[in-house]
Amino acid sequence: MPKTPLRVLFLLLATALPGAASAQVYPAIPVDGVPVDTPGCGLVSSAARPIPESMDLFPGTIMRIDNDGINAVRETYRLQPGKHVLVVAENIPAYRLGSAKQVQIQKMKRRRSFGEIYKPLILDVRADRLYRIGVHLRRDRLDTESIRNNEYWYPVVWEEIPQACR
């Protein structure tokens with residue numbers, strides 16, 4: 001029986017994690033006549049500013065990429081084209097939620113494990129593209145039970161733009 005690559009196993013695991021139902025897949029679609037299988041690299045960034053907070057989009061932090069922990073958080077990561085699993089943490093400013101909601105979130109984070117606090121984002125990276133990563137606040141899920149279940153946010157690609165990656 002052939003060995004399954006670790007990345008494939010991590011993709012399967014990420015879809016089985018709690019909250020994985022909110023993971024989104026961004027398909028590779030040819031743009032501007034560039035074939036999907038073009039060699040090269042793509043860029044992923046969680047540090048781009050300003051994030052359109054008026055649309056309930058906020059900063060996120062990339063904690064892992066394809067089961068690899070990140071030793072030093074950087075603004076931009078270079079990835080080979082193809083599917084990747086990014087594990088994202090939310091950084092929604094406290095003033096956007098209020099003190100009572102912040103207390104509930106802190107309690108939830110103390111009770112949960114890594115896989116239950118952070119959420120996977122499955123991204124199909126294309127060459128010479130920059131993907132800006134953030135989180136979307138679900139205002140309809142700010143009740144106590146939804147916060148306890150970590151359903152008040154999900155990771156998103158809030159912007160995709162052409163950018164050379166060499």
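1. Glutamate 160 counts as partly exposed in this predicted model, because its relative accessibility is 34%. Two arginines form salt bridges with glutamate 160. Arginine 129 does so with closest N and O atoms 3.1 Å apart, and arginine 126 with closest N and O atoms 3.3 Å apart. Arg126, Arg129 and Glu160 are thus linked in a network of salt bridges.

2. The arginine side of this network is buried. Arginine 126 has a relative accessibility of 8% and therefore counts as buried. For arginine 129 the relative accessible area is 10%, and it is buried too. The limit for buried is under 20%, so the value of 34% puts glutamate 160 in the partly exposed class.

3. Where the network sits in the chain is worth setting out. Arginine 129 belongs to strand β8 and glutamate 160 to strand β9, 31 residues apart, so this pair links distant parts of the chain. Arginine 126 lies in the loop between β7 and β8, and 34 residues separate it from glutamate 160 in strand β9. That pair likewise links distant parts of the chain.

4. The whole structure has 7 salt bridges. Another of them is formed by arginine 139 with aspartate 56, with the closest N and O atoms 3.0 Å apart. Arginine 139 is in the loop between β8 and α4 (144-148), whereas aspartate 56 is in the loop between β2 and β3; the two are 83 residues apart and link distant parts of the chain. Aspartate 56 is buried, with a relative accessible area of 17%. Arginine 139, at 40% relative accessibility, counts as partly exposed.

5. The structure holds 1 disulfide, which joins cysteine 41 to cysteine 165 with an S to S distance of 1.7 Å. Cysteine 41 lies in the loop between β1 (25-26) and β2, and cysteine 165 in the segment after β9, so the disulfide ties together parts that are 124 residues apart in sequence. The torsion about the S-S bond is about -110 degrees, and the disulfide is therefore left-handed. Both cysteine 41 and cysteine 165 are buried.

6. Strand β2 covers residues 42-45. Gly42 and Val44 point one way from the strand, Leu43 and Ser45 point the other way, and all of these are buried. Strand β2 is joined to β5 by 4 bridges, and the two run antiparallel. It is joined to β8 by 3 bridges, and here the strands run parallel. Serine 45 takes part on both sides: its bridge partner in β5 is threonine 76, and its bridge partner in β8 is arginine 132.

7. The largest nonpolar core has 24 residues. Val44, Leu86, Ile92, Leu123, Ile133 and Tyr152 are those with the most contacts inside it. Two or more residues of this core come from each of β3 (57-65), β5 (76-79), β6 (82-90), α2 (99-111), β7 (119-125), β8 (129-137) and β9 (153-162). The element that gives the most is β8, with 4 residues. Apart from this core lies another, of 6 residues, among them Ala48, Ile51, Leu57 and Val156.

8. Helix α2 has 13 residues, which at 1.5 Å a residue should span 18 Å; its end C-alpha atoms are 19 Å apart, and this agrees. Its buried residues are Gln102, Ile105 and Met108. Seen down the axis of α2, these buried residues fall within an arc of 120 degrees, so they line one face of the helix. An α-helix has 3.6 residues a turn, so residues three or four places apart point the same way. The face of α2 turned away from the buried side carries the exposed residues Ser99, Ala100, Arg110 and Arg111.

Notes. Residues are numbered from 1 along each chain as its sequence is written. This is a predicted model: local features need pLDDT of at least 70, side-chain atom pairs count only at pLDDT 80 or more; totals for chains, interfaces and linings use all residues. Side-chain values use heavy atoms; hydrogens and water are left out. A nonpolar core is a set of buried Ala, Val, Leu, Ile, Met, Phe, Trp, Tyr and Cys residues joined through side-chain atoms within 4.5 Å. Buried means under 20% relative accessible area, exposed over 50%, partly exposed in between (1.4 Å probe, protein chains only). Two strands pair if DSSP finds at least two bridges between them. A salt bridge is a side-chain nitrogen of Lys or Arg within 4 Å of a carboxyl oxygen of Asp or Glu. A disulfide is a pair of cysteine sulfur atoms within 2.5 Å. The expected span of a helix is 1.5 Å times one less than its number of residues. The arc is that of the directions from the helix axis to the C-beta atoms.
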